[in-house]
Amino acid sequence: MARRKFKSALNSRLSGFQKIYLLLIAGFILGPFIPLLIQSFAFRWAWPDLLPGTWWLEQREKSLLPLAWDYVLSPYSRVWEATLNTVFIGLVVTVICLAICLPAARVLAREKFRGKSAFEFFLSMPLIVPEAAIGIALLMIFIRLGLAGSYTGIIIVHLIPTIPYMIRMLTAVYQGLGTDFEEQAMILGASRWQVMRMVTLPMLLPGVVAGALFTFLVSTNIFLLTFFMGQGKIITLPTLLFSKIAGGTLDASAAGITLVVTVPGIILLLITERFIKEEAFGKGFGN
Amino acid sequence: MNKFMMGLTVTAGLLSSVAHAEDAEANAFREAFLGGEASWEDVSARAESEGTVNLYYWGGSDPINIWMDQVVATDLAKLGVTLNPVRITGTKDAIDLVLAEMGSGKGLGEGSVDAIWLNGENFATLKRQDALFGAFADKMPNSDFIEWNAEDPRSLLNLRDFGVETGNAEVPWSGEQYVCAANTARVDRADLPSTFAELKAYLEANPGKFTYVKPPHYIGNTFVQAAIYAHNPDGTGAEPFQQSIDDLGAEEMARLITPGLEYLKSIEPLLLGGQSGNARYPEDNGALDGMFLNGEVDMACKFGLYAVATGLNNGTYPEGAEAFVFPEGNMIKNKNYLAIPANAPNPAAALVMANYMTSVEAQVSKLKYTGMPPGVDPWKLSEAEVTALTEASPGLIGVSQADLDANTAPDTNATLVDVIEATWLEYIERDSADDLSVIVSRAVDNLAK
């Protein structure tokens, strides 16, 4: 269905140059996945062979230990544990981030106060200071507080790089919203809570969803801060992948884990793609 | 937010005061065990009440990970201890964690690392910082499988780790030897070099077909050490390199290592990529394995007695791979160990784990699963136990055990390794024009700071 739509769009509306351009972009995005996919099924793949000389399935019976996808999908690879951790931390971070950023964005968008621009600059500081510097300094403090190696510790550090993004997005949404509708509701006798629940939030929702999605994706991709705070005890998909490929080689199981790491992001994008395109960017920002 | 942070601080404060109550008890246990007053039953009972052991180890190998989860965890569960295998990307991460926690005032019973798989510089760091639990290694039931008699020369690797006295604060876990492998599909066995001079001749005929891992990676350091031993101007090989830098002195050190480093400089244009003036040194053994598999180089050297058999079993080595004797008389041997840090949260469980790892049963299954050679000494075992180990071995390909034993050399003192590493980086990597004696004395001064 989708493919047919894509094809017809390709045939009808685009010029020859545009078609080639589109295919090139698709090639650049999908290209790197092809060797990764082949590697994940390989047993021995040496240069200059175009395809593996020995495939994993040929060796599967002979090997004492699980190889390639058998390893990736076995509990020994800890992929499942890492996925659960990544999703759990991402969700909690997103919720806390929203709770902090919604009121903050409202104030930043609507009120004027002294030092506001300095404050806004201050808020984006975490994006400028290198993660490693923040990470190692916080680790020293967190060890004293007993937060190192705990979920709480990781969630707190994940808030550092996500809050600036979320605040910026929500401030833009609030600015686009104006106060007219809320005032009108109040004139008609709505309480503050009712205004919040029935007017402000529904109008903000598309922006909130976009911000939440973005926060979740950022959180699921943070390596260095998670690595410092998790101390190897709490593993997420990025730390698992790093420990696997840090040896400098990409064997079959490393290739398999790399593919798995991309899955949560892709699923999330597929689910929300439609919503974001039509709702958030249509109403939230376009207004 | 403020309230939240305050709540966290209060909670952390409460937690740390609880931990302090345990602290005294853990220290009393340590005193009793090291003083020989605690029986192994006491240790086992305390280990069961502690419940968990956090073992930090390099987690980059699938077979080791599988063995830990499948075999070690199951066997330790039978002893009432839950294994928490923490996979780390570099052993130094665990060392840093121990030292950071000690710096934050966390003592025995309060840290997060119970045991670390390590050797060489990482052990030396813990020892220097006084961050070790103590002399436990010869006080466990399975310590009998290891030679502790200092008068027996075979005990060297059990008592010294890269020349640093272990003080029995770490127990041997696995013994390795630096072995080179060649792809016999590309090189005739008759053409394989056995000395550094022959290696150079081979490279002159086949430029670019060899390289070694780049120092400061220990696998690279070891190749440099072997070259230095072989070119020792006094002809005494590894012998003078067993002393620390303080005993040897910078001047003498420079004299001893000059011929070896000059040799390495002379072969640089013949190494992989050297013909275009840009010799390529792989960053670690994984990268070297890749070059070897892809036929970029004909030979590859690393620690791995059974590396060829293991590499063929998991597809990381080319089909024609075989080990060979190189360099003659200077195939460096060392051991790697399990150490217990001074702030281990579960010291008794760590001891139970270390004792299990030293058992013949664990050594046999480790060898079978991962190809890691035993760390226990065969002459301390019964005949049946030796047979079990032999049967578990993936086997030597291309060399015999007798060849390997005949060409053994000990590792270099850890303090000298630092100097050699710094000198290599300046003399070869950065192409310093300074005299080697100047470079060495500068390296010694920098390291003393």
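## Two contacts in a predicted model

Between domain 1 of chain B and domain 2 of chain B, the rule finds 0 salt bridges. A salt bridge here is a side-chain nitrogen of Lys or Arg within 4 Å of a carboxyl oxygen of Asp or Glu.

This is a predicted model: local features need pLDDT of at least 70, side-chain atom pairs count only at pLDDT 80 or more, and totals for chains, interfaces and linings use all residues. Residues are numbered from 1 along each chain as its sequence is written, chains are lettered from A in the order in which they are written, and side-chain values use heavy atoms, with hydrogens and water left out.

**Inside chain B**

Domain 1 covers 15-175 + 335-392, and domain 2 covers 188-297 + 413-448. These bounds come from an automatic or database domain assignment. The C-alpha centres of the two domains of chain B lie 33 Å apart. Glu121(B), Phe162(B) and Gly163(B) supply 70% of the area that domain 1 buries against domain 2, more than any other three residues. By class, the side of domain 1 that touches domain 2 has 3 nonpolar, 1 polar and 2 charged residues. Ala, Val, Leu, Ile, Met, Phe, Trp, Tyr, Cys and Pro count as nonpolar, Asp, Glu, Lys and Arg as charged, and the others, Gly among them, as polar.

**Two interfaces in numbers**

Buried area is the accessible area (1.4 Å probe) that two parts lose on being put together, summed over both. Contact means heavy atoms within 4.5 Å.

| Interface | Residues in contact | Buried area | Share on carbon and sulfur atoms |
|---|---|---|---|
| Domain 1 of chain B and domain 2 of chain B | 6 residues and 5 residues | about 480 Å² | 54% |
| Chain B and chain A | 40 residues and 36 residues | about 3,200 Å² | 60% |

**Chain B against chain A**

The count between chain B and chain A is 3 salt bridges. In a salt bridge, the side chains of Asp69(B) and Arg78(A) meet at 3.8 Å, N to O. α3(B) gives the largest share of the side of chain B that touches chain A, 6 residues. That side of chain B divides into 17 nonpolar, 14 polar and 9 charged residues.

**One residue of chain A**

Ser219(A) lies in helix α12 (residues 192-221) of chain A. Helices (H or I, at least four residues) are DSSP runs, numbered from the N terminus. Ser219(A) is buried, with a relative accessible area of 3%. Buried means under 20% relative accessible area (1.4 Å probe, protein chains only). Leaving aside neighbours within four places in sequence, Ser219(A) is in contact with Ile89(A), Gly90(A), Val93(A), His158(A) and Thr162(A).

Key
Helices (H or I, at least four residues) and strands (E, at least two) are DSSP runs, numbered from the N terminus. Buried means under 20% relative accessible area, exposed over 50%, partly exposed in between (1.4 Å probe, protein chains only).
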